[in-house]
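The following report describes how a protein and DNA meet in one model, and then turns to the pockets of the protein and to a hairpin.

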Protein chains: 2
Amino acid sequence: MLAYGGRVGDVYKALADRTRRALLDELLERDEQTLFELCSKLAMKHDLTPTRQAVSQHLEVLEGAGLVRSVRRGRYKFHTIDTTPLSQISERWPSKS
Amino acid sequence: MLAYGGRVGDVYKALADRTRRALLDELLERDEQTLFELCSKLAMKHDLTPTRQAVSQHLEVLEGAGLVRSVRRGRYKFHTIDTTPLSQISERWPSKS
DNA sequence: ACCATAGGCAAGCATCCACTTGCCCGTCAA
DNA sequence: TTGACGGGCAAGTGGATGCTTGCCTATGGT
């Protein structure tokens, strides 16, 4: 239970940044991507060229919001999207009847 | 067409603040509220006590994101929620099949 | 006309946050 | 074992942003 933590506000803050949204876009296209793969995708497809550390910090924020999960295998860390926390948004402010 | 402007990123930034989310909560409960009404609601129900100008600026941001519409009647300005821009979130990152 | 009320404008301030830089820790191959 | 590679840690910096303060405009009641 409480799969993605109690601080729901973190989800909104996580979505507030353009680079993080692009990361979610890439992870939606393909799961299990490493930090380096995501860095190159950002540069090629989104014209975003932050440093590797910046991207790493963004992934931390996304993980703190429960939007990304990660597993370490060997020296690689694979990242996977989890859209579950997004459902609270449309639940909180549904379309008016 | 283009009901809520072209800068979709503004929607995410608008949601990133706790006070603005509380404002949306209040407007969802009752439409056509004035700045003063919303100020007192924030203080009583959400333990938020920003100044009137701060709330006014928040409403500007929400309006810029298309989440709030406003009409002026006499010396009153009534604010109304519009949840339409929120649909793009679940459309952009749907639940994985 | 007067004044209280609802709201807006603009500048200043303080905090937060995205980003960088430099160094360090594990893992794996030669 | 050595070195390259994937990734992490920590401090510092600049810009964005939430908030305040002071003053102004306009509407409406008396």
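In this predicted model, a backbone N or O atom of Phe36(A) lies 3.2 Å from a phosphate oxygen of DNA strand D. Two side chains also reach phosphate oxygens of this strand: a polar atom of Lys77(A) is 2.8 Å away, and a polar atom of Arg20(B) is 3.2 Å away. The elements giving two or more residues to the surface near DNA strand D are helix 3, helix 4 and strand 2 of chain A, together with helix 4 (52-64) of chain B.

In total, 22 residues surround DNA strand D, the closest being Phe36(A), Arg52(A), Lys77(A), Thr51(B) and His58(B). Of the atoms of DNA strand D that come within 4 Å of the protein, 65% belong to sugar and phosphate. The residues of this surface divide into five nonpolar, nine polar and eight charged.

DNA strand C is surrounded by 23 residues, and the closest are Arg20(A), Thr51(A), His58(A), Phe36(B) and Lys77(B). Sugar and phosphate make up 67% of the atoms of DNA strand C that come within 4 Å of the protein. By class, the surface near DNA strand C has five nonpolar, ten polar and eight charged residues.

Which atoms of DNA strand C do the side chains of Gln57(A) and Arg75(A) approach? Both approach a base oxygen: an N or O atom in the side chain of Gln57(A) is 3.1 Å from one, and for the side chain of Arg75(A) the distance is 3.3 Å. From chain B, a backbone N or O atom of Leu35(B) lies 3.3 Å from a phosphate oxygen of DNA strand C. Helix 2 (18-29) and helix 4 of chain A, with helix 3, helix 4 and strand 2 of chain B, each give two or more residues to this surface.

Several of these residues also line pockets. Phe36(A), Arg75(A) and Lys77(A) are among the lining residues of the largest pocket, which also include Ser56(A), Leu59(A), Glu60(A) and Glu63(A). Helix 3 (35-46), helix 4 (52-64) and strand 2 of chain A each supply at least two residues of that lining, and helix 4 of chain A provides the largest share, four residues.

The second largest pocket is lined by Thr34(B), Leu35(B), Phe36(B), Arg72(B), Arg75(B), Tyr76(B), Lys77(B) and His79(B). Helix 3 (35-46) and strand 2 (76-81) of chain B are the elements that give two or more residues to this lining. The largest share, three residues, comes from strand 2 of chain B.

The table sets out volume and lining class for the two pockets.

| Pocket | Volume | Lining by class |
|---|---|---|
| Largest pocket | about 220 Å³ | four nonpolar, three polar and five charged residues |
| Second largest pocket | about 160 Å³ | three nonpolar, two polar and three charged residues |

Strand 2 of chain A, which supplies at least two residues to the lining of the largest pocket, is also part of a hairpin. Strand 1 (residues 68-73) and strand 2 (residues 76-81) of chain A run antiparallel and are joined by six bridges. Within this pairing, Arg69(A) has Thr80(A) in strand 2 as its bridge partner. Two residues lie between the strands of the hairpin, and Gly74(A) takes a positive phi near 65° there.

How values were computed
Residues numbered from 1 in each chain as written. Chains lettered and ligands numbered in written order. Predicted model: local features only at pLDDT ≥ 70, side-chain atom pairs only at ≥ 80, totals over all residues. Heavy atoms only, no water. Pairing = 2+ DSSP bridges. 1 Å grid on protein atoms, 1.4 Å probe; cavity = no way out; pocket = protein on both sides within 12 Å on 5 of 7 lines; lining within 4 Å. Points joined across faces, edges and corners; volume = space filled by probe spheres on them. Nonpolar A, V, L, I, M, F, W, Y, C, P; charged D, E, K, R; others polar. Near = heavy atom within 4 Å. Polar contact = N/O pair within 3.5 Å; in protein donor to acceptor, adjacent residues only side chain to side chain.
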